[in-house]
Each structure stands twice: as C-alpha cells, then as structure tokens.
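Me: Please give me a close look at the salt bridges here, and at what surrounds them. I'm in my first year, so take it step by step.

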Amino acid sequence: AKYIDYIRNDMDVDQNVAEHVEILWKEPAIKEIFDNRAKLKIDDSSAYFFEEVQRIATRSYIPTDKDILLVRHRTTGVIEQKFEIGGTNFHIFDVGGQQSERKK
C-alpha cells in the first residue's frame, strides 16, 4: 500500500510498477472490488490492462489496436475534432462520454 501511495499520475509504468500491479491484481480482495466495479465506477477494461501490465511496462511498448480501443478518457461537454485520412475529411464530435455523464 505504501508503494501505491508513492506512485504519481505522471510516472511511467516500468517493471517496478508492473510487478506491484501484478501483486495487487492477484489479491482476492482486489478481484472482489473489481466484481463490484459498476457500483464503484471502475472501467470494465481495467482488467485487460492489469493482465497486460508486463507488456505495457516494456520500454519498446507500442499500443495495439485493442489497447487503443479499450482505453477510456472521460470527457465532459462537446469536443470537436477535424482530420483528414487519404483525402477524405472527417469531422467528429465527442459529446461527453456516457449519457449519464452529459450535462443537461
């Protein structure tokens, strides 16, 4: 627990962090907490990243398509993005994530 208090949001996930995450993820109490994730607002995809922490902790880590699809970044409000792929212009809007998170 002292190590987890030491970890900051701006730290890289290195081998040391990965080992501590693996130890915690194997704990029955943590699995029980994850089983109640809906009540605790823990993302479903967290288990995937906990299982993949050793791969993620490598210096040569490059996110896979699955990593990108499963990552969550909570947003509020409307975020607009414009980009071009192969000569086709795209204009997308993020309207604040889950419906329950959107402002009225």
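Reply: A salt bridge here means a side-chain nitrogen of Lys or Arg lying within 4 Å of a carboxyl oxygen of Asp or Glu. Keep in mind that you're looking at a predicted model. Searching the whole structure with that rule turns up three salt bridges.

Let's get our bearings before zooming in. The protein chain has seven helices and two strands, and along the sequence they run α-α-α-α-α-α-α-β-β. Of its 104 residues, 15% are buried. That makes it worth asking, for each charged partner, how much of it is covered.

Start with the pair made by Asp-44 and Arg-37, whose side chains meet at 2.8 Å, N to O. Asp-44 counts as exposed because its relative accessible area is 58%, and the cut-off for exposed is over 50%. Arg-37 is partly exposed, at 24%.

Now to the other two bridges, where Arg-55 is the residue to find. Arg-55 bonds with Glu-52 in a salt bridge, and the closest N and O atoms are 2.8 Å apart. Arg-55 also forms a salt bridge with Asp-67, again with 2.8 Å between the closest N and O atoms. What does that second pair connect? Arg-55 belongs to helix H6 (residues 53–56) and Asp-67 to helix H7 (residues 65–70), so this pair ties together parts that are twelve residues apart in sequence. With partners shared between salt bridges, Glu-52, Arg-55 and Asp-67 are joined into one network.

How covered is each member of that network? Arg-55 is partly exposed, at 28% relative accessibility, and Glu-52 is partly exposed too, with 25%. Asp-67 is another story: it has a relative accessible area of 3%, so it counts as buried, the limit for buried being under 20%.

A buried charged residue deserves a slow look, so let's stay with Asp-67, at 3%, and see what is around it. Leaving out residues up to four places away in sequence, Asp-67 touches Tyr-48, Phe-49, Arg-55, Tyr-61 and Ile-62. Two of the links from its side chain are polar contacts. One joins the side chains of Asp-67 and Tyr-48 at 2.6 Å; another, at 2.8 Å, joins those of Asp-67 and Arg-55. Put together, you can picture Asp-67 in helix H7, with Arg-55 as its salt-bridge partner and Tyr-48 as a polar contact.

For contrast, try the aromatic rings. Rings of Phe, Tyr and Trp are paired if their centres lie within 6.5 Å, and by this rule there are four aromatic pairs. Take Trp-25 and Phe-34: their ring centres are 5.4 Å apart and their planes sit at 85 degrees, so the pair is edge-to-face. Both of these residues, Trp-25 and Phe-34, are buried. Trp-25 also pairs with Phe-50, and this pair is tilted, with 4.8 Å from centre to centre and 50 degrees between the planes. That pair links distant parts of the chain, with Trp-25 in helix H2 (residues 15–25) and Phe-50 in helix H5 (residues 46–51), 25 residues apart. Trp-25 has a relative accessible area of 9% and is buried, while Phe-50, at 32%, is partly exposed. Trp-25, Phe-34 and Phe-50 together make one aromatic cluster.

Last stop, the surface. The protein chain exposes about 8,800 Å², with carbon and sulfur atoms supplying 54% of that. Phe-83, Ile-85, Phe-90 and Ile-92 make a nonpolar surface patch of about 350 Å². Strand E1 (79–85) and strand E2 (88–94) each supply at least two residues of this patch. Try finding Ile-85 in strand E1: with a relative accessible area of 53%, Ile-85 is exposed.

So where should you look again? Go back to Asp-67, which is buried at 3%, and trace the network from Asp-67 through Arg-55 to Glu-52. Then compare Asp-44 in the other salt bridge, which is exposed at 58%.

How values were computed: Residues are numbered from 1 along each chain as its sequence is written. This is a predicted model: local features need pLDDT of at least 70, side-chain atom pairs count only at pLDDT 80 or more; totals for chains, interfaces and linings use all residues. Side-chain values use heavy atoms; hydrogens and water are left out. Patches are made of residues with over 30% relative accessible area and no salt bridge: like charges are joined within 9 Å, nonpolar side chains (Val, Leu, Ile, Met, Phe, Trp, Tyr) within 5 Å. Accessible areas come from the Shrake-Rupley method with a 1.4 Å probe; for residues, only the protein chains shown count as cover. Helices (H or I, at least four residues) and strands (E, at least two) are DSSP runs, numbered from the N terminus. Buried means under 20% relative accessible area, exposed over 50%, partly exposed in between (1.4 Å probe, protein chains only). A polar contact is a pair of N or O atoms within 3.5 Å; within protein, one must be able to donate a hydrogen and the other to accept it, and residues adjacent in sequence count only if both atoms are side-chain atoms. Contact means heavy atoms within 4.5 Å. Rings of Phe, Tyr and Trp (its six-membered ring) pair if their centres lie within 6.5 Å; planes under 30 degrees apart count as stacked, over 60 as edge-to-face and the rest as tilted.
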